[in-house]
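Here are some questions and answers about helices and strands for a first-year student. Look at the structure, then read on.

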Amino acid sequence: MSAAEMSAVATAPAVRRPPVVSTRFLRSELGMVFGRRRNLAILAVLAGIPIVIAIAIKVTAPVNDGRDGPPFLFSITANGIFVALTALTVVLPLFLPLAVAVVAGESVAGEASLGTLRYLLVVPVSRTRLLAVKYAGALAYCLAAAFIVAVVGTLMGALLFPIGPVTLLSGTQVSYGAGLARLLLVALYIAAMMAGLAAIGLFVSTLTESAIAAMATTAVLAVLSQVLNQVPQLDWLAPWLFSHYWLDYGDLLRDPIATGAVTKGLAATAAYVLIFGSLAWSRITTKDVSS
Amino acid sequence: MTARSLEPAVPQQGAAGSAVSGPAPRLDPDATAVTTTGLAKRFRGGQLAVAGIDLLVPHGAVYGFLGPNGSGKTTTIRMLLGLVSPTAGSHTLLGRSMPAGAAQVLPRVGALVEGPAFHPYLSGRANLARLDAADRTADPATARRRIDTALDRVGLTAAAKKRYRAYSLGMRQRLGIAAALLQPRELLVLDEPTNGLDPQGTREVRTLVQELASDGVTVLISSHLLSEVEQICTHVGVMHVGKLVAQGTLDELRRSQQPRVAVETTAPAAAVRALAELGLTPGPIEGRHVTAALGEAEPEKVLAALVHAGVPVRQFTLDEAGLEDVFVALTGEGFDVSG
């Protein structure tokens, strides 16, 4: 740098007025979330599940002998769209929550453990904005995770099985296109359910400087909530558990759509997002960053 | 720089005990880059990491923030930047009250806090781009050029595409400095910037700081090694167990330590008497050696008086304190960790 340039730098310290809305940091965060090999590997594993299901059914052609199996499993040979629905049902209890727990748990704790949190804060990034961007990154991952299963499932179903009018749970038949629209709703509902878990993970992530601890805690909470939901003695507790409404996406496959449980599920998730988002906010805006 | 006189350069005495010579200092926050008033931090465990310090860094100064490891320098820097909230006191950066003014002030402040920290799986360049993207005041149109310039200034252009994971400690430190230089800054806060650098790298950082300072950038540079900052500082502040035990210009600090005379003689008792008659207060006799603070006396006259009194002088030396001695006298230790 020449002397002239240097003095120009020093005498022009006027700070650029920040734009009202800037998506640069958000885009950078999305790049971080979706650029990380680990996160991509998790998405690849999720994408592998509908592939495995489709191939297994194609090869073995199971008969419905009354034994337990995932719902929709026996409809697959009749209509490929059920590969996607079966795969979503399979990933919902464990794989999907694990994937979300990894990204949400890492969000703040990962930056804290690397020490990059302090450098983001002195940039400066306001702590509220940091939290919002981190949560947005986790939300995008929830959506991507649910959609990759749905999309790969649909493609595998179309590839290996017949497609055509879809028979809904209520017995009515709708066109394949209308069936895909229902599948889209299901994927959105499941992503929304994961958003609740992501908010919990975000809060846990503000409590610790260990990303692994935050991920593990979030995953354990997801499993614990589902286990408690199954205990008959705890029926009074069940409606308050964040996983209570996860499986109610089946109501979206009725004609007309049964909105009761689904609406409750969305409301409960919104409440969880609000509560844990506020907790995360109050934690991150007051904590001493000494990592 | 008139924050505090340096006269009682005694550890533990700190802020309260110092007499201020001359008119009372006027603290005009607009004329200072950093001002703290009674800034203190007590951690939840009860440990008082910073015990109410009044830091004053004038505009355009290169302020050496010295102290042994664990003396509270980094906690102070974290408080200055709003990372840690003080338990008492207040401070301003570039004339604005913190942390309220953080959004306005921090874009004008470049910082290296307790070593570099970056994402290991991203390249050096990608890491800088990430920080730049987070800065709402940064112009995306000039990002590439600014990142190139910053990398170039710290000599990392060749390694820009390497993953941070593969960087040596010195390269990491350089990248940290590059991050502080992404935007034109008015204040640089550099916490131990030469840590992990080889002598050549240390020299380069020193030159860089001098360049920036000559452009009018105020620099607060912390170190536990006096020798690293002595050559470039205009001002120093010395921390010891959470207290700011001295602060002033380099010359003020040097003057605060009085030169001493040392006499080697076969008649030490006679030497002590002769020195006492001159008004000096000699220290205890150690074998054949007697020393005394010189005070206002002229060393030539002291020697003449000794000879006149019949003291058989073998050796007569004048010890002028180096900054290192001042530093050791202030902190009571060299490079040990203070708990």
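Two strands count as paired if DSSP finds at least two bridges between them. The model is predicted.

Q: In which sense do strand E12 (residues 260–265) of chain B and E13(B) pair, and over how many bridges?
A: Pairing needs at least two bridges. E12(B) and E13(B) run in the antiparallel sense, and B:Val263 stands opposite B:Val290 in E13(B). The pair is antiparallel, over five bridges.

Q: Which strands are the edge strands of the open sheet in chain B?
A: Three strands form this sheet in the order E13-E12-E14, with antiparallel pairing. An edge strand pairs on one side only. The edge strands are E13 (289–293) and E14 (313–319) of chain B.

Q: Which helix packs on the sheet, touching E12 and E14 of chain B?
A: Helix H10 (residues 268–277) of chain B packs on the sheet and touches E12 and E13 of chain B. The helix that touches E12 and E14 makes about 160° with the direction of E14(B). That helix is H11 (residues 299–308) of chain B.

Q: Is H4(B) oblique or parallel to H5(B)?
A: The axes of H4 (residues 124–134) and H5 (residues 143–153) of chain B come within 10 Å and cross at roughly 125°. Angles of 65 to 115 degrees count as roughly perpendicular and those over 145 as roughly antiparallel. The crossing angle therefore makes H4(B) oblique to H5(B).

Q: How do the residues of the contact of H4(B) with H5(B) divide?
A: H4(B) contributes residues including B:Leu128 and B:Asp132, and H5(B) contributes residues including B:Ile147 and B:Leu151. The residues of the contact divide into six nonpolar, one polar and two charged.

Key. Residues are numbered from 1 along each chain as its sequence is written. Chains are lettered from A and ligands numbered from 1 in the order in which they are written. This is a predicted model: local features need pLDDT of at least 70, side-chain atom pairs count only at pLDDT 80 or more; totals for chains, interfaces and linings use all residues. Axes are lines fitted to C-alpha atoms, for helices over the stretch in contact, and angles run from 0 to 180 degrees between N-to-C directions. Helices (H or I, at least four residues) and strands (E, at least two) are DSSP runs, numbered from the N terminus. Angles under 35 degrees count as roughly parallel, over 145 as roughly antiparallel, 65 to 115 as roughly perpendicular and the rest as oblique. Two residues are in contact if their C-beta atoms, placed from the backbone, lie within 7 Å. Ala, Val, Leu, Ile, Met, Phe, Trp, Tyr, Cys and Pro count as nonpolar, Asp, Glu, Lys and Arg as charged, and the others, Gly among them, as polar.
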